[in-house]
Amino acid sequence: MSNHRLGELLVREKLISLAQLRQAQEEQQRSGQNLGYTLAKLGYVSDQEITEFLSQQYRVPTVNLEEYEIEPEILKLVSRDQCEKHRVVPISRAGSSLVVAMADPTNLNAIDDLKFLTGYNIEPVIASETQILQVIEKLYNVGPSYDEVMAGFDEEEIEFTGTSEDLDVHELERASEDAPVVRLVNMILLNAIKKGASDIHIEPYEKKFRIRYRIDGVLLEEMTPPLAARNAVASRVKIMASLDIAERRLPQDGRIKLKLGKGREMDFRVSVLPTLWGEKIVMRLLDKGNLQLDMTKLGFDEKPLDDFLWAIRQPWGMVLVTGPTGSGKTTTLYSALSDLNKIAHNISTAEDPVEYNLHGINQVQMHDDIGLNFAAALRAFLRQDPDIIMVGEIRDFETAEIAVKAALTGHLVLSTLHTNDAPATISRLLNMGVEPFLITASVNLVLAQRLARKICVDCKAQINIERDALVEIGFTPEQIATGRMFKGVGCRTCNGTGYKGRVALYEVMRFTEALKEKVLQGSSTAELKVEAIRAGMTSLRMSGILKVLDGVTTTEEILRVTMSD
């Protein structure tokens with residue numbers, strides 16, 4: 001069915017409004033998805049409602065693919081490419097007919113293609129597009145399963161006796177090249193990419209060996225390989241990261257680069273730490289293909305984005321981004337640099353480590369062991385005729401002093417600090433020893449941020465929350481009266497968590513004259529916050545509440561990642 005026809009019918013049957021249809025059509029043009037999928041994603045109508053509507057309209061039966069077991073020989077009749085192209089999946093065969101689940105039963109091109117390719121008559125049935133895509137992803141997965149990989153392990157062959165110091169390096173090397181170990185490590189890396197993990201934790205304990213993934217900011221246990229495999233797995237990862245497998249007493253850092261076809265590359269930043277029961281390995285996944293550098297898509301509301309753009313487009317001064325580790329500070333800074341990356345600008349960055357390579361920007365990796373720290377790099381930058389400087393982190397007075405001087409002498413300086421919110425950044429700089437008059441003269445804006453998990457669109461459902469609980473969180477009576485709350489009930493798409501993806505919450509504090517005066521008077525962090533909010537700043541908690549009212553996240557997530565005002 002054409003998207004235009006489907007939209008008309010849904011409006012005529014009063015399943016959606018005309019305004020909702022127009023908004024979905026705009027979103028569809030941006031995303032390239034079909035209209036039914038877009039309407040379900042926006043929460044205007046469920047997948048199930050669209051499926052039942054199409055079934056009634058065209059008198060075609062529906063199937064629930066979650067309750068269907070498809071035999072492997074049926075799947076071989078249609079390739080994965082064809083299934084993805086036409087949003088179909090073959091489910092059974094009866095004589096000369098092939099029953100095919102389709103998201104759109106009126107797609108005659110798909111039916112003709114399948115008839116030509118398979119030689120069977122095609123009998124369409126309707127299933128939701130979400131279910132079809134899930135089945136394609138699950139059943140056409142070409143990689144081996146965890147059970148298949150583990151079937152290759154012979155525990156007697158990889159069992160090591162004695163303490164870790166007694167292990168023979170050559171034995172370790174042989175074990176790490178054993179096919180099951182290679183396949184297991186490859187599977188750990190590829191599964192993490194497939195599930196959108198940001199970190200992989202490989203952890204040996206006395207009686208357990210486990211693999212955990214950090215997905216959307218939360219650690220989840222993925223698998224528990226045999227305890228006997230721990231040293232072989234650690235050695236395999238260390239070989240891939242070009243580390244010394246004979247050194248098992250000191251921490252080591254390295255990098256793995258994987259090529260995934262179609263020009264896509266994935267970097268893994270590897271950290272090895274000796275623990276009581278073996279080496280714990282943490283790998284940070286760096287996917288440049290997924291790096292979001294468009295600031296309008298990061299989660300900024302209109303006024304905070306305008307303030308941030310104003311600050312980074314000033315000819316000089318300092319812009320500080322604050323927040324805990326893993327809150328997206330680097331992405332925000334890279335987005336700002338991407339916006340500023342013009343031929344007329346000389347941009348230099350000092351980073352530890354350099355996470356992504358940005359074309360047209362001079363990026364410098366820190367090496368503390370040879371004296372190349374942030375302060376030394378900053379001094380060198382100032383002799384390089386810079387326009388814009390990015391310092392990975394201001395950790396001490398020396399770095400802060402040079403950064404302030406650079407901001408006061410005609411350079412735009414971007415950097416990060418670890419503070420709980422934007423007003424606390426001023427206290428942090430004062431504690432480092434920076435004079436109040438230098439702070440007010442150099443700092444243009446401070447931005448604090450957090451990452452909150454987004455509600456999974458495939459299992460999003462409206463819920464009711466007690467009024468007292470909402471008041472305690474910080475909702476106003478007006479927001480409680482008019483707002484609608486949602487929660488993910490858990491499905492296959494989100495691994496039963498109810499969350500998929502993350503959105504940034506921002507607290508943007510622009511340095512007004514009144515705020516500068518407060519700093520010079522020695523006001524406390526609480527007083528600075530009151531003044532900033534009076535001047536129009538949206539706090540992290542307030543930003544989170546707005547995202548809850550927009551149906552993007554939940555009150556539990558806001559309580560998890562923000563402090564009360």
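# Two open sheets and their helices in a predicted model

An open sheet of six strands, with antiparallel pairing, follows the order 6-5-4-9-8-7. Its edge strands are strand 6 (218-223) and strand 7 (252-259), each of which pairs on one side only. From one strand to the next, the twist of this sheet averages 25°. At one edge, strand 7 pairs with strand 8 (residues 265-275) in the antiparallel sense, over eight bridges. In this part of the sheet, Lys257 stands opposite Asp267 of strand 8.

This structure is a predicted model. The average pLDDT of the chain is 86, and 90% of the residues score at least 70. Residues 155-166, however, have a pLDDT below 50; this stretch makes 17 contacts in the model beyond near neighbours in sequence. Where pLDDT is low, the predicted coordinates should not be read in detail.

## The mixed sheet

A second sheet is also described here. This open sheet has seven strands in the order 12-11-13-14-10-15-18, and its pairing is mixed. Strand 12 (362-365) and strand 18 (499-510) stand at the edges; each has a single partner strand, so one side of each is left without a neighbour in the sheet. The twist averages 20° from one strand to the next. Strands of a sheet pair through backbone hydrogen bonds, either parallel or antiparallel. Within the seven-stranded sheet, strand 10 (residues 317-322) and strand 14 (residues 412-417) run parallel and are joined by six bridges. Val319 is placed opposite Leu414 in strand 14.

Helices accompany this sheet. Helix 16 (residues 374-381) packs on the sheet and touches strand 11 (347-351), strand 12 and strand 13 (388-391); the direction of helix 16 makes about 165° with that of strand 11. Helix 17 (residues 397-408) lies across strand 10, strand 13 and strand 14, and runs at about 135° to strand 10.

## Helix pairs

Three packed pairs of helices are set out below.

| Helix pair | Residues | Angle | Axis separation |
|---|---|---|---|
| Helix 12 and helix 13 | 179-194 and 230-240 | about 70° | 10 Å |
| Helix 14 and helix 15 | 302-312 and 329-340 | about 60° | 11 Å |
| Helix 22 and helix 23 | 513-520 and 525-534 | about 175° | 10 Å |

Given the angle of about 70° between them, helix 12 and helix 13 are therefore roughly perpendicular to each other. The crossing of helix 12 and helix 13 is right-handed. On the side of helix 12, the residues involved are Val181, Val182, Leu184, Val185, Asn186 and Leu189, which meet Ala232, Val233, Arg236, Val237 and Met240 in helix 13. By class, the contact of helix 12 with helix 13 comprises nine nonpolar residues, one polar residue and one charged residue.

Helix 14 and helix 15, packed at an angle of about 60°, are therefore oblique to each other. Helix 14 passes helix 15 in a right-handed crossing. Phe308, Leu309 and Ile312 of helix 14 meet Thr332, Ala336, Asp339 and Leu340 of helix 15. The contact of helix 14 with helix 15 has five nonpolar residues, one polar residue and one charged residue.

Helix 22 and helix 23, with an angle of about 175° between them, are therefore roughly antiparallel to each other. Their contact is made by Ala514, Leu515, Lys518 and Val519 of helix 22 together with Leu528, Glu531, Ala532 and Arg534 of helix 23. Divided by class, the residues of the contact of helix 22 with helix 23 are five nonpolar, no polar and three charged.

## Backbone features in the loops

Most residues other than glycine have a negative phi, and most peptide bonds are trans. Two loops of this model contain departures from that pattern. A cis peptide bond, with omega of about 0°, joins Asp352 and Pro353. Pro353 is located in the loop between strand 11 and strand 12. Ser242, a residue other than glycine, has a positive phi, near 60°. Ser242 belongs to the loop between helix 13 and strand 7.

How values were computed:
Residues numbered from 1 in each chain as written. Predicted model: local features only at pLDDT ≥ 70, side-chain atom pairs only at ≥ 80, totals over all residues. Heavy atoms only, no water. Pairing = 2+ DSSP bridges. Helix = DSSP H or I, 4+ residues; strand = E, 2+ residues; numbered from the N terminus. Axes fitted to C-alpha atoms, helices over the stretch in contact; angles between N-to-C directions. Contact = heavy atoms within 4.5 Å. Parallel < 35°, antiparallel > 145°, perpendicular 65-115°, else oblique. Left-handed = near helix turned anticlockwise from the far one by under 90°. Nonpolar A, V, L, I, M, F, W, Y, C, P; charged D, E, K, R; others polar. pLDDT = per-residue confidence, 0-100.
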